[in-house]
Amino acid sequence: MSHRLYCDTEFHISDSCSRSRRRCGTMSENQDQSELRSEPPAQPNIETLGLIGTGMIGSVLARLAVAAGLNVVLSNSRGPETLADLVAELGEQARAATPAEAARAGDLVVATIPLRAYTRLSPTDLAGKVVIDTMNYYPERDDRIAELDAAELTTSELVQRHLAGSRVVKAFNNIDFRRLFTSARPAGAADRSALPLAGDDAEAKARVARLLDVLGYDAVDIGPLAESWRSEPGTSVYVLPYMAARPKGMDEEATGRWFFETPGVTLSADRVRELTATTDRAPAGGSSTAITDD
């Protein structure tokens, strides 16, 4: 049996994980918001993070942002009223809005929706914005996209072409939502991990790198959007290096518990550079990371 791990959606690895969904981004007994905020971050010229999409990755980014003292404006495809519980949990630094309002409000805007819906992102609302693209291509979910299958474009180049008036930066697409939350560390911590980013605009990448720093991660610039395939599904830096080895012989329920309860593995900036520099290009969308029964 294979339990799929999607990095950018509300898919779950198993029914047992689905029952535990609210645990994915809640603070553990040993990690509260004051711990994440332990050192006030240097002000990175970012006050408000807009989120278009509040699935697994989006909701974790919102929690990390609030813990770091940022304001967040949340949106999804179902309407602001469906975000009432998350807003209540996050507190006064969070509010729900429409995607257009989140786009306008954000100093940076995160697009964290299934790739098949990327054309719903409004070029008008996002004009002039730095847009952080967390999206990955999973053909079993997104259907086939010929330009990606032919390796004519990367997913982020596809998004950048659609959002011609924006500056797109690829980030947060190569780590699962649980490790994204639990592995965040203050700057200078010995066990701080790094995440790759890619983009065509140096200033936009610098702003996203500052956001990563505030949220608890070092940033590794892997080049322009044409090189963003280096962090896509099937590559050496995608998901698995941030996770401990899974014990053999676990059933579905035990796999779900292991996924939620097992701490992440520290991945240094040097290791991210090594993995992204030496990885082979996998077939586009050819592999979503799986936790597979042996």
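Contact here means heavy atoms within 4.5 Å, and this cut-off underlies the exercises on packing and covering below. The structure is a predicted model, with 294 residues, 12 helices and 10 strands.

**Exercise 1. Establish the order of the strands in the open sheet, and find its edges.**

Step 1. Eight strands make up the open sheet, and reading across it gives the order β4-β3-β2-β5-β6-β7-β8-β9, with mixed pairing.

Step 2. The edges are the strands that pair on one side only, namely β4 (94–96) and β9 (218–221).

Step 3. With direction ignored, neighbouring strands of this sheet are turned against each other by 25° on average.

**Exercise 2. Work through individual strand pairs, giving for each the sense, the number of bridges and a pair of facing residues.**

Step 1. Strand β2 (residues 48–52) and strand β3 (residues 71–75) run parallel and are joined by five bridges; within β3, Val73 is the residue opposite Gly50.

Step 2. Between β6 and β7 the sense is again parallel, over four bridges, and Ile132 stands opposite Val169 in β7.

Step 3. The pairing of β7 with β8 is antiparallel and has two bridges; here Val169 has Gly199 of β8 as its bridge partner.

Step 4. From β8 to β9 the pairing is parallel, over four bridges, with Leu197 opposite Asp221 in β9.

Step 5. Taken together, steps 2 and 3 show Val169 facing Ile132 as well as Gly199 in β8.

**Exercise 3. Determine which residues of β8 point each way, and whether they are buried or exposed.**

Step 1. One set, pointing one way from the strand, consists of Ala194, Pro196 and Ala198, while Leu195, Leu197 and Gly199 point the other way.

Step 2. Both sets are buried, in keeping with the count for β8, in which six of its six residues are buried.

**Exercise 4. Describe how helices α8 and α12 are placed against the sheet, and explain why the buried residues of α12 line one face.**

Step 1. Helix α8 (residues 155–162) packs on the sheet, where it touches β6 (130–133) and β7 (167–170), and its direction makes about 165° with that of β7.

Step 2. Helix α12 (residues 269–278) lies across β8 (194–199) and β9, and runs at about 50° to β8.

Step 3. Taking buried to mean under 20% relative accessible area, the buried residues of α12 are Ala269, Val272, Leu275 and Thr276. Because these buried residues fall within an arc of 125° when seen down the axis of α12, they line one face of the helix.

Step 4. An α-helix has 3.6 residues a turn, so residues three or four places apart point the same way.

Step 5. The cover over the buried residues of α12 includes β8 and β9, whereas Asp270, Ala277 and Thr278, on the other side of the helix, are exposed.

**Exercise 5. Identify the residues that touch the most other members of the largest nonpolar core, and follow the contacts of Leu74.**

Step 1. The largest nonpolar core has 60 residues, and those touching the most other members are Val72, Leu74, Phe172, Leu180, Leu211 and Leu215. Helix α3 (residues 56–67) gives the most to this core, contributing eight residues.

Step 2. When residues up to four places away in sequence are not counted, the residues touched by Leu74 include Leu51, Ala62, Leu83, Leu86, Val87 and Leu90, and Arg95 is also among them.

Step 3. Separate from this is a second core of 21 residues, which includes Ala111, Leu126, Met135 and Tyr137.

**Exercise 6. Compare two loop residues, Asp176 and Val265, by their accessibility and surroundings.**

Step 1. Asp176 is located in the loop between β7 and α9 (177–182), and its relative accessible area of 1% makes it buried. A polar atom of the Asp176 side chain lies 3.1 Å from the backbone nitrogen of Arg179.

Step 2. Val265 belongs to the loop between α11 (252–261) and α12, and with 31% relative accessibility it counts as partly exposed.

Step 3. Neighbours within four places in sequence left aside, Val265 is in contact with Ser193, Pro241, Tyr242, Met243 and Ala244. Its C-alpha atom is separated by 9.2 Å from that of Leu240, the two residues being 25 residues apart along the chain.

**Exercise 7. State what share of the protein is buried, and what share of its contacts joins residues at least 24 apart.**

Step 1. Of the 294 residues, 54% count as buried.

Step 2. Among contacts between residues at least 6 apart in sequence, 72% join residues at least 24 apart.

How values were computed. Residues numbered from 1 in each chain as written. Predicted model: local features only at pLDDT ≥ 70, side-chain atom pairs only at ≥ 80, totals over all residues. Heavy atoms only, no water. Pairing = 2+ DSSP bridges. Axes fitted to C-alpha atoms, helices over the stretch in contact; angles between N-to-C directions. Buried < 20%, exposed > 50% of the residue type's maximum accessible area, 1.4 Å probe, protein only. Arc of directions from axis to C-beta. Core = buried A, V, L, I, M, F, W, Y, C linked by side-chain atoms within 4.5 Å. Polar contact = N/O pair within 3.5 Å; in protein donor to acceptor, adjacent residues only side chain to side chain.
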